[in-house]
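Q: Please take a close look at the charged side-chain pairing in this model, and then set that pairing against the way the chains meet. I would like one connected account that I can follow with the coordinates open.

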There are 2 protein chains.
Amino acid sequence: MHALIVYSHPEPRSFNGALKDVAVETLQRLGHSVEVSDLYGEGFDPVERPEHFPERTAPHTFAALTEQRHAYNEGTLPADVQREIARLERADLVILQFPLWWHAQPAMLKGWFDRVMVYGGLYSGSLRYDRGYFRGTRAISSVTTGSPAPAFSRHGRGGDMATLMWPTHCSLYYLGLEVLPPQVTYGVQGGGLSYQAEKSFRAQLEADKANWARRLEGLENETPIPFSGWDDWDENGVLKEEHPLRWRL
Amino acid sequence: MHALIVYSHPEPRSFNGALKDVAVETLQRLGHSVEVSDLYGEGFDPVERPEHFPERTAPHTFAALTEQRHAYNEGTLPADVQREIARLERADLVILQFPLWWHAQPAMLKGWFDRVMVYGGLYSGSLRYDRGYFRGTRAISSVTTGSPAPAFSRHGRGGDMATLMWPTHCSLYYLGLEVLPPQVTYGVQGGGLSYQAEKSFRAQLEADKANWARRLEGLENETPIPFSGWDDWDENGVLKEEHPLRWRL
C-alpha cells in the first residue's frame, strides 16, 4: 500500500506534527510506502486566483472552474497543483492531518481542495460520488481539537463532531474516495499549564499517539462510512421516494 | 446602522460581486453606512503562520493562539488583522458574501477567521457564545452554489445546506454574534450555456439579486437562529439533562 499524508500545521514540533510522524513510522513499519504533502513546509499557496492561470481561456472574467478545466486539458496547471495531483494518483490511502480551527479545516488545507481538485480533470458532472475519479482509494481525517470531547458530543456547545466533519467528508466522497470515520484527538492545547497538569497532559498525548498507531495497523480492515450513490438518486440528485434512508434519516 | 460586508471572490464581475454591490446599494439607500472588506481585492493573506509574528513570546515553538494573545496584549498584531478587527468593531451588521467551494468557505474567507478572530482578544474561555465579544452585532451569510437547490435539500446528494452552514454558524455564534438564517442563491454557474439557457439563466440571476435586496430591507426585523447558551450547559459544556432541547434534537 502507498499512503499520502496531507499535513497542514505551521509548527513541526506541534502535536499535529507528532501525529504525522507516528503515521509515517507506523505505516513504514507495516511495510507500506509513505509520502507527505507538507503544505506549510512546502509553502503551498491555498488561494485560488487568476494569477495561477497566466494563459487564460477567458481573459476578461475569471471563472475558476473554467480556467481549471482549460489548464487541465492544455497541461498548463500550476506546478504545485500538478505535483499534488500526481501524489494523489499514486496513493491507495490519503490521510488528512490537521487541527480543527474555527470548526473546520485551516485555510491552508481548505485551499488545497480549492486549487488541487480541478474541475474537468478530477471531477465533472458525470465523474462524481461513487463514479468519482478516486474510487478505490481510501481517505481518513486525523483531526485535533482544543476543547475536550464533551464539547463536541451530540449536545455539546462546540457542535457535534460528526456534523463539523460533514463538509470534509462530502468533499472526499464527491471525489470518489472511500471515507473512513475520522480519528479525533480532543483537548490538545498549548502552554500555560501547571507542572502537574503539563505532566498529565503529556501522558495523555502519548496515549493519543499510541491510539493512532494502533488504529493505523488495522485500517485496511475498516468499513468506510456508507454514502448513497447514483443508483439511489432521482434525476435531481435527491434520494428516490422509496429509498429506505428517507425513513431512517 | 453600520454594515460590514466581508466579500470573498476573486472576480469583481462575478455574481458574488453583483450580490455584494446589491447589498451596498440597498443598505445605503435605506440610510445605512456600509464598509466592504474585499479580501481578494485587498490581497488579504489567509494563512496563519509564524511570519505574522516577528516578535514572538515563544520563539522556539509556534503556537498560533499563544502568539495571537501576546500580540493582542502588546498591540503588535499584524496591520491587516488590526484593520479587520476595527472594521468588525464598527459594525452593527456583518455580511459574509462568498461562494460555497468544496462544501465550505473558500480558503480566503476561512483564513480571515483563522487570523482575525484572535485568541485572548476577541474570545477566551469566558468570552464566548452568548457572553461573546460581538454580542449585540448581527451576522448573515450570503452564499452562492453551483448546483441547484434540490442537491442541497435534506436528502440531496450535495449535502443538506443547513448542515454545510453549521461550521460557519458555530464560529459566528462562538464570537457572540447573532446569526440570521443564510441567504442561499443556488445554481450559479459560469459559461458553456446555449443562448436560450443563458437568457433564462440571466433572468434568474436578476430575480436572485432582487430577492436579496428585498430581504436586506427587512433584515432588522428578522429573528436570529436560536442557540443554547451558558445557562443551558453543565460544567462540561453539554446541554443539561433536563434541558428541553435534549428531547427535541
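A: Arg215(B) is a buried residue, with a relative accessible area of 17%, and it makes a good starting point in what is a predicted model. The partner of Arg215(B) is Glu222(B), and the side chains of the two meet in a salt bridge with an N to O distance of 2.8 Å. The burial of Arg215(B) follows from the cut-off applied here, because a residue counts as buried under 20% relative accessible area.

A further pair in chain B is Lys209(B) with Glu206(B), whose closest N and O atoms are 3.4 Å apart in a salt bridge. Both residues belong to helix 6 (residues 195-217) of chain B, and because they are three residues apart there, about one helical turn separates them. Glu206(B) is partly exposed, with a relative accessible area of 47%.

The salt bridge between Glu35(B) and Arg87(B) has its closest N and O atoms 3.5 Å apart. Glu35(B) sits in strand 2 (residues 33-38) of chain B while Arg87(B) sits in helix 3 (residues 79-90) of chain B, so this pair ties together parts that are 52 residues apart in sequence. Both ends are buried: Glu35(B) has a relative accessible area of 18%, and Arg87(B) has a relative accessibility of 8%.

In chain A, Glu35(A) and Arg87(A) belong to a network of salt bridges that also links Glu42(A), Arg83(A), Glu84(A) and Arg90(A). Over all chains, the search of the whole structure finds 36 salt bridges, yet the count between chain B and chain A is zero. As general background, side chains of opposite charge can pair when their charged atoms come close.

What, then, is found where the two chains meet? Across the interface of chain B and chain A there are 22 residue pairs in polar contact, with both residues at pLDDT 80 or more. The side of chain B that touches chain A divides into 30 nonpolar, 15 polar and 11 charged residues, so charged residues are present on that side although no salt bridge is counted between the chains. In terms of secondary structure, helix 4 (107-116), helix 5 (161-174) and helix 7 (245-248) of chain B each supply at least two residues of that side, and helix 5 of chain B gives the most, with seven residues.

The extent of the meeting can be given both in residues and in area. In residues, 56 of chain B are in contact with 56 of chain A; in area, about 4,900 Å² is buried between chain B and chain A, with carbon and sulfur atoms giving 63% of it. Within chain B, the residues that lose the most area to chain A are Trp102(B), His155(B) and Arg157(B), which together account for 21% of what that side buries.

Trp102(B) deserves a second look for its backbone as well, since it has a positive phi of about 45 degrees although it is not a glycine. Trp102(B) is placed in the loop between strand 3 (93-99) and helix 4 of chain B, and at 12% relative accessibility it counts as buried. In chain A, His103(A) likewise has a positive phi, of about 65 degrees, and is not a glycine. The loop that holds His103(A) runs between strand 3 (93-99) and helix 4 (107-116) of chain A, and His103(A) is buried, with a relative accessible area of 9%. For context, most residues other than glycine have a negative phi.

The arrangement of the two copies completes the picture. Chain B is superposed on chain A by a rotation of 180 degrees with 0.0 Å of shift along its axis, at an RMSD of 0.0 Å, and the two copies are thus related as by a two-fold rotation axis. Among the residues of chain B, Ala107(B) comes closest to that axis, with its C-alpha at 2.2 Å. Because 100% of the interface residues of chain B are also interface residues in chain A, the copies meet through the same surface.

One last side-chain pair within chain A is a polar contact: the side chains of His243(A) and Asp232(A) are joined at 3.1 Å. His243(A) lies in the loop between helix 6 (195-217) and helix 7 (245-248) of chain A, and it counts as buried at 13% relative accessibility.

Definitions and conventions
Residues are numbered from 1 along each chain as its sequence is written. Chains are lettered from A and ligands numbered from 1 in the order in which they are written. This is a predicted model: local features need pLDDT of at least 70, side-chain atom pairs count only at pLDDT 80 or more; totals for chains, interfaces and linings use all residues. Side-chain values use heavy atoms; hydrogens and water are left out. Copies are superposed by least squares on the C-alpha atoms of residues with pLDDT of at least 70 in both. Contact means heavy atoms within 4.5 Å. Helices (H or I, at least four residues) and strands (E, at least two) are DSSP runs, numbered from the N terminus. Buried means under 20% relative accessible area, exposed over 50%, partly exposed in between (1.4 Å probe, protein chains only). A polar contact is a pair of N or O atoms within 3.5 Å; within protein, one must be able to donate a hydrogen and the other to accept it, and residues adjacent in sequence count only if both atoms are side-chain atoms. Buried area is the accessible area (1.4 Å probe) that two parts lose on being put together, summed over both. A salt bridge is a side-chain nitrogen of Lys or Arg within 4 Å of a carboxyl oxygen of Asp or Glu. Ala, Val, Leu, Ile, Met, Phe, Trp, Tyr, Cys and Pro count as nonpolar, Asp, Glu, Lys and Arg as charged, and the others, Gly among them, as polar.
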